Structure formats: structure tokens, C-alpha cells
There are 2 protein chains.
Amino acid sequence: MAPSPGTACIISTGEEVLRGELVDGNSAELARRLEEAGFQVQLMFTAGDRRADLRFVIETGLARADWVFMTGGLGPTEDDLTSAVVAECFGVALVFHPPSWAHIEARFREFGIPITGNNRKQALFPAGAQVLENPHGTAPGFHATRTAVGRTQHVVALPGPPREMVPMLDALLADLPGARRPQHSFMRFFGIGESSLAEVLRPWADASGVALGYRALFPEIEVKLYDASAAQTASLRAFVLEKLADCLLDFRSRATPELLAEYLAGSGLTVGLAESCTGGLAGKLITDQPGASAYFRGAVVSYHNDIKRDVLGVPQALIEAHGAVSEPVARAMAEGACTRLGADVALAVTGIAGPEGGSAAKPVGTVWLAKADAAGTQARCERFVRGREWVRIFAAYRGLRWLMEDWLRERWQAAVKGP
Amino acid sequence: MAPSPGTACIISTGEEVLRGELVDGNSAELARRLEEAGFQVQLMFTAGDRRADLRFVIETGLARADWVFMTGGLGPTEDDLTSAVVAECFGVALVFHPPSWAHIEARFREFGIPITGNNRKQALFPAGAQVLENPHGTAPGFHATRTAVGRTQHVVALPGPPREMVPMLDALLADLPGARRPQHSFMRFFGIGESSLAEVLRPWADASGVALGYRALFPEIEVKLYDASAAQTASLRAFVLEKLADCLLDFRSRATPELLAEYLAGSGLTVGLAESCTGGLAGKLITDQPGASAYFRGAVVSYHNDIKRDVLGVPQALIEAHGAVSEPVARAMAEGACTRLGADVALAVTGIAGPEGGSAAKPVGTVWLAKADAAGTQARCERFVRGREWVRIFAAYRGLRWLMEDWLRERWQAAVKGP
């Protein structure tokens, strides 16, 4: 086992969290990073802005672990008590820190906001504490230590906003003696459940001894290879290409819309959509990415069959003979989108999202996809489960992945072969 | 002040939470409901599956409050320790509860899953505890009490999955002597920030003595009137109609897409969209609602100007003279959508979502909306802030609200006048 920097407790502060108005995402973010760095997280606490409660959780945390990491309570208002209570616990005074005050003044000047006397409070720290710079906000953090019954106890106070908290923590951990700097690698999958994925990968994990972590990034799954060597990473990549190529997205952890943006921007191709059951979701996902106008022509959301006929040019007879959710209609939608939108390639999605509209032959969740370009048209049928929301999301993601599938396969092969 | 059922601490259990793999949403949900019922929540704890830690947080919670509410740890596996540790704390045995076992067996039969010996564990409870039925899952909960130093201490153990936890908690609170059954009323706003909204409402709140709670349901805001009388609710409604009609959605807490679905389903009107910068998002929001096919014809996502011209019939000269983000083009898009999609009413959205594409005259965030029907076409210009994601979301929501604005105003008037 790698050496550990110690045990830790996490304290989040804030009346909003205690009243349930805000879900505490900070503690999870902190815990993940601390575990990565080798800490053993023991307990988490949430306290409001009562001085006695804050003091109680700090003392309790220090009694149960070497380190206490706190978030929040560094602001300028009266209920921001972190510095004062830590100083109280440690039996030290609060000391004014001129460089922090200069930083705070500069931030206010930069944003053209008048500074108040209250803000001076944000430059007060427990005597002896190391001040942690905050390049992303006004409130600096601090790292205070004391020696009690022969061991060193640490309190690290971080700001509440995640975009300030995370970089400050990362900077602290980067310099911390004993902290692990893990070299993880990642993969991203789509179209397989977490438990099925874990089952397929278990034999490899057992044989290699590499720990794998799973994280649901709905509708995708991220797999983390903890501290895998280059050889181990290469071995799992080969294993995945053999067993899971249909569900693999990338050997990094990037989402379908981002990957598609990279593919399309690099390909010089333009794309168009004919959406029925997804109702605009596929277009929304493509245009979430900045710069989409370089390759996205547009979409026809042909929710009503008249639109399939009038705007996309799908023959009425085809709809009547096969139904709107069918291979011939999907193909005609894709071809119509290609022509009418002037796109190099077009994707069509037509399916039964539910809750109504299913039948024995075409149950809710049946989706036909088609892809058309100058070389011809392909179609595929999918069955998605778990109701309207899932069917729509999976149909859109499946279609977007399909658009770049050849490109993905080339990337994987290149990654396996190495440079 | 209403009587309070007491003080409470919340404990969530689970290694996934402690390792940061899962964000703890349960504690917030619990806290909100407990505060509503009149409890004062003191502290929250998270513990993993170490017996000593669990015991420590239970004892600590009971030392700091009258009630400890726990979630999780009621499953069949070895690391599900809640019942065993509570029994240990209370110095009582675990007792087998035949009705719970019958319930568990019935659930497994219903789903056709073979039951294992491990599941028997889920029918074991601390002696003397009241078993809480779980109509939504296998694991029953329990409510255990003891008298210590002259006061009654309560431990309530609830299942981890929210859809099991919430109904069990609600059933418990409904029967609990001393718990408040608050009669809140709600309002929903869109298009104003939380702090601005609070500022406008403050004079009314100060004068009436009614506490108002704000909850961000992005991009909307819910306002809760705590225990307001019918007269107080009516008074705030009148105040809001006078001061905030442009930002009001409804005198209940319903989201824009839901309200629009009710409006369109009831109106007999069909709707079509011409989307540019929103890229399909408005159509996605409309079709998120089941039954949208009754009134949604479809959309043309005319991301490229060619599509505005070729599919929507916007004159090229108009685009060249005024630019794609302009009143004339928005109007022509809406009229084109109305005709080409065969809709009774059509909404057009064209704007600069960013990060590129802005200018001094039309900065990023400029959005033109137009609405066309048989009676004519209207247009309006908006400026949204905070970058691409916000601009797109606010543009779509603003447009959808506009579609039903007359209907909304009639509802508000009816609600103010009363039956």
C-alpha cells in the first residue's frame, strides 16, 4: 500500500444545507479528492451557523481523525464563523493578514464593487495558520495545525463555492508530503448498465489487480483505472476492444456530444437531423457545444406525420403501409433531411417514447434510427427501456454515437497501437 | 410559535457517500421535511459501514437532539448494519418480525426473483421498535425509543432509496403528535433573480409577518408562503400581480413546460417552432411532456441561414439586410413555421448564444422572439446573460411562457377573484 497522509473528517457548514434548501455537493467532491490523495475519510458532518455546533463538530472531527477539512463560512457576514471558531478551538487569536486584504481589495476594484468594512473580516486568520490563496474568489482559505497528545492535528478551511474550493484543495494536495499523486486512466462507456459493465470487466480486474471505479454520468458510465501502469492500461484497452466495443465511447472520459463536436469539426462534414420521438433533444445536444454552427445545418422535428411528409418528403404511402416507426420511414426521413437541409450526413430518429402508443409488435421503447449520406442509407432498430425520459435520451445518444462510430473505432485502434 | 416535536439530527450511511461517489441528496430531502414538520435540525452526519463509527454518530446525535433520523443500511448484505447497531446502542436484542418477512417474500414473488436467506435479516428489528411499512420496496424501517436521563430519545431508520424513504417519512410525520401539518402555499416565477425577487417581496413579508422561502428550480424560482392563511395568500397574490406580473408563472408551483402542456391540451390549438440558437431545446421541453403529440406539430431547427431560407421561406434579402438575429427575420421565421408546419401558432427564437458571434450592436445574449398566428405576428427582443447555456435556456423558457401568457393572466385573475 502507498503511504497515507492520514485520516480525515469533512465538515460542511451552512444553514441552507441544514434546512435542506441546498444539497451538499461539496462534501462528495472533497471526499473523492481526499480518497484519491490517499486519505481515509472517516465521517462527514454538516453544521449550521451556531457557534457551539461548529466548535463541537471541529473538536469531534479532530478526535476521530488527523485532518478536518471544512467548506464554507469564510464570507464577510456575521454568520461566517469558520476562522473565529477554529481560532477558539486552537486557543489562538485572530490575526490580520495584509497580503490577503490587498488581494480582496484588488478583486473588488476589478469588479467595480465598493468594498465594505465587513470584508476586512475575510483577511483575519487563526494565528500561525498558513493562508491558502484564492485566485478564483475573494475569500482566502487557511491551514491551521496544532500538536495535541503527541500528534499533529490539521484543520483546513476552504471556501464554499466549488469553483473556488476545488482549485484551492488541489493546490494544497499537490504540495502535501505523503499525499498520493495518483496516475489514473479513464474510459467512457454508453449503452451498458453499471453492473453488467462491472461483470464483464471483473475477470480482467481480478487478474491484473488494478482497482476499477465506476461513476454514472447519465446516460454514460466512466470507468477509472486506479494507478494503472501504461502496460496495465494498454491491457485493459485491448480487453475492452475485444469484449465491449459496442459500448465503448473513448479511452478518455469525454461525453458523446463533446466527442461528436471534435469529430465533426475535424471532418469538414455538415450534419442534419430528422427527429421525431426525441423532439429536438439530439439537436439540443449538438448545439450545447460552442462552435456547432461550423458543422450543424439544422433539424426538422417532424413530430406529426404531416411534417414527415410535407417538410421531409416522406411518401404518405410509406407511412400508411409501415407506420411512422419503421425502417422505411426512418430511411426516408434521413434521406429527406440530407436533401432538404443540405447536409453531408443526416440522422433520423423515430420511435415510441411512451407512455402511450405502444403495441405488441412495436412496444414502447422501439426506436428506428437511420443514417444517410452520399454513399447510401443505413438503418437500425433499438429497444430502450425505463420509460419516456430514458427512451428519448438513449435514442438521441445512440444516434449521435452512431454518427461518429467509424471515427471512434479508428481512435481506439490508434490508442491500442500506440504512437 | 407552533409547538415543535423537538430537535433532530440526521445520519446518512453508506461508503459510497463517504468516498464521494454519491452525492447525499437524502439528507437535504429529510431536512426539508423535518423543518416543515417543526423539527429543529441541529447537525447532519455521514458514516460508512464501520460499526464503531455508526454507533458513534447515533450516540452523538442522541446527545445533541431528541430525534435521530437515519437513512440507508437496511438492506440484506453484511454491510447493512443499521438495525444491529441501533439494537446495540439501546441494549436490546434483534427480534424477528413475521409480518415484515411475509411482506418481503411477497415482493420477491411479485418480481419473480428468488429470495435468499440473507433477506431474512431485513425482518429483524431492535426489540420494542415500531416497524414502519415500506409499500415501495422490500426493506421496512423502524422507530425505536428509549428513555434516558428523563427524556425520550427516538431513532427512526428509513431506507436509502428516496422513493421508499420519502413516503415512509411522510406517513410517520402524518401520525406524529406535535408535528406541524403546515398549510403552505406556493408561487412560481421565471425571469427574475432570487435576490431581486426577495427584495420586491420583502415589504409585503415584513408587513404581513408571513415567512417566505425561496427555492431555485433552475431557471425558475419557487416561493413558499409558510403557513399563510387564505387572506394572507390572497393579499400576496394581489401584491404580486401589481409588482411582478412579468415574472409570475403560476400561483402553484408548476414548471413552464407543464403549464404549457395544460394550456395547449385544453386550448385545442396546435403549435410549431422555428428554433435557431436554442437548437432544439424548446422542442425538447415541449416533448418532455407525455401526450405532446396532441398539440405539437414539430419544429424547424434552422441553425444555418440556408435552412431559414430554404425550409422556413425567410427571404434571403431580409437576412442580408438585417442579419439572422433581427426582428424581421424572427417574424419571417415564425410565419414560415406557422405555414410550413401547419400549426395554429408558431414561436420563433433567433439569437446569439455565444461565446462567439456577438458585436457591439448585438452582444452575446441578444435574442429575438416572434409569435405568429392567424391574427398576426408579434416580436420582442431580449438580452440574456451568463453565457451560452443560460442564454439558450432562458430564451427557450421565455418563448414558451410567452406562448401562454394570455392564458396565464386569465388564471391569475381568476385565482385573485376567487370562485
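What follows is a short back-and-forth on a predicted model, about why some of its features get the labels they do.

User: What makes Asp53(A) and Arg50(A) a salt bridge?

Analyst: The N to O distance between their side chains is 2.7 Å. The cut-off is within 4 Å for a nitrogen of Lys or Arg and a carboxyl oxygen of Asp or Glu, so the pair qualifies.

User: And why is Asp53(A) called buried?

Analyst: Its relative accessibility is 5%. Buried means under 20%, so the label fits Asp53(A). Arg50(A) gets another label: with a relative accessible area of 33%, it falls between 20% and 50% and therefore counts as partly exposed.

User: How do you know that Arg309(A) and Asp310(A) pair up?

Analyst: By the N to O distance again, which is 2.8 Å here. That is within 4 Å, so Arg309(A) and Asp310(A) form a salt bridge. As for cover, Arg309(A) has 31% relative accessibility and Asp310(A) has 44%. Partly exposed runs between 20% and 50%, so both residues carry that label.

User: What about Arg309(B) and Asp310(B), what makes them a salt bridge?

Analyst: Their side chains meet at 2.7 Å, N to O, and the limit is 4 Å, so the pair counts. Arg309(B) is partly exposed at 31%, and Asp310(B) is partly exposed at 42%. There is also a network in chain A, where salt bridges with shared partners join Asp246(A), Arg380(A), Glu382(A), Arg398(A), Arg401(A), Glu405(A) and Arg409(A).

User: How many salt bridges are there over all chains?

Analyst: The count comes to 64.

User: Let's zoom out. What is the secondary structure of chain A?

Analyst: Chain A has 15 helices and 17 strands.

User: Why is chain A called more spread out than a compact globule?

Analyst: Because its radius of gyration is 27 Å, while the globule rule gives 22 Å for 419 residues. The value for chain A is well over the rule's, hence the wording. The C-alpha trace spans about 85 × 55 × 45 Å along its principal axes. Even so, 55% of the 419 residues count as buried.

User: What share of the contacts in chain A comes from residues 24 or more positions apart?

Analyst: They account for 67% of the contacts with a separation of 6 or more.

User: What does the surface of chain A look like, and how do its charges sit?

Analyst: Chain A exposes about 17,200 Å², with carbon and sulfur atoms supplying 53% of that. On the charge side, there are 42 positive and 47 negative side chains, and the centres of the two sets lie 2 Å apart.

User: Why is Lys224(A) called buried?

Analyst: Lys224(A) has a relative accessibility of 8%, and the cut-off is under 20%, so buried is the right label. The residue lies in strand E11, residues 220–225 of chain A. Beyond its neighbours within four places in sequence, Lys224(A) is in contact with several residues, including Glu36(A), His184(A), Phe186(A) and Leu212(A). Val210(A), 14 residues apart from Lys224(A) in sequence, is 9.9 Å apart in space, C-alpha to C-alpha.

User: What makes Asn26(B) buried?

Analyst: A relative accessible area of 11%, which is under 20%, so Asn26(B) counts as buried. Asn26(B) sits in helix H2, residues 26–36 of chain B. Leaving out residues up to four places away in sequence, Asn26(B) touches Thr71(B), Pro159(B), Gly160(B), Pro162(B) and Met165(B).

Technical notes:
Residues numbered from 1 in each chain as written. Chains lettered and ligands numbered in written order. Predicted model: local features only at pLDDT ≥ 70, side-chain atom pairs only at ≥ 80, totals over all residues. Heavy atoms only, no water. Buried < 20%, exposed > 50% of the residue type's maximum accessible area, 1.4 Å probe, protein only. Helix = DSSP H or I, 4+ residues; strand = E, 2+ residues; numbered from the N terminus. Rg over C-alpha atoms; globule rule 2.2 N^0.38 Å. Contact = heavy atoms within 4.5 Å. Areas by Shrake-Rupley, 256 points an atom, 1.4 Å probe, with all protein chains shown as cover. Lys, Arg positive; Asp, Glu negative; His and termini not counted. Charge placed at Lys NZ, Arg CZ, Asp CG, Glu CD.
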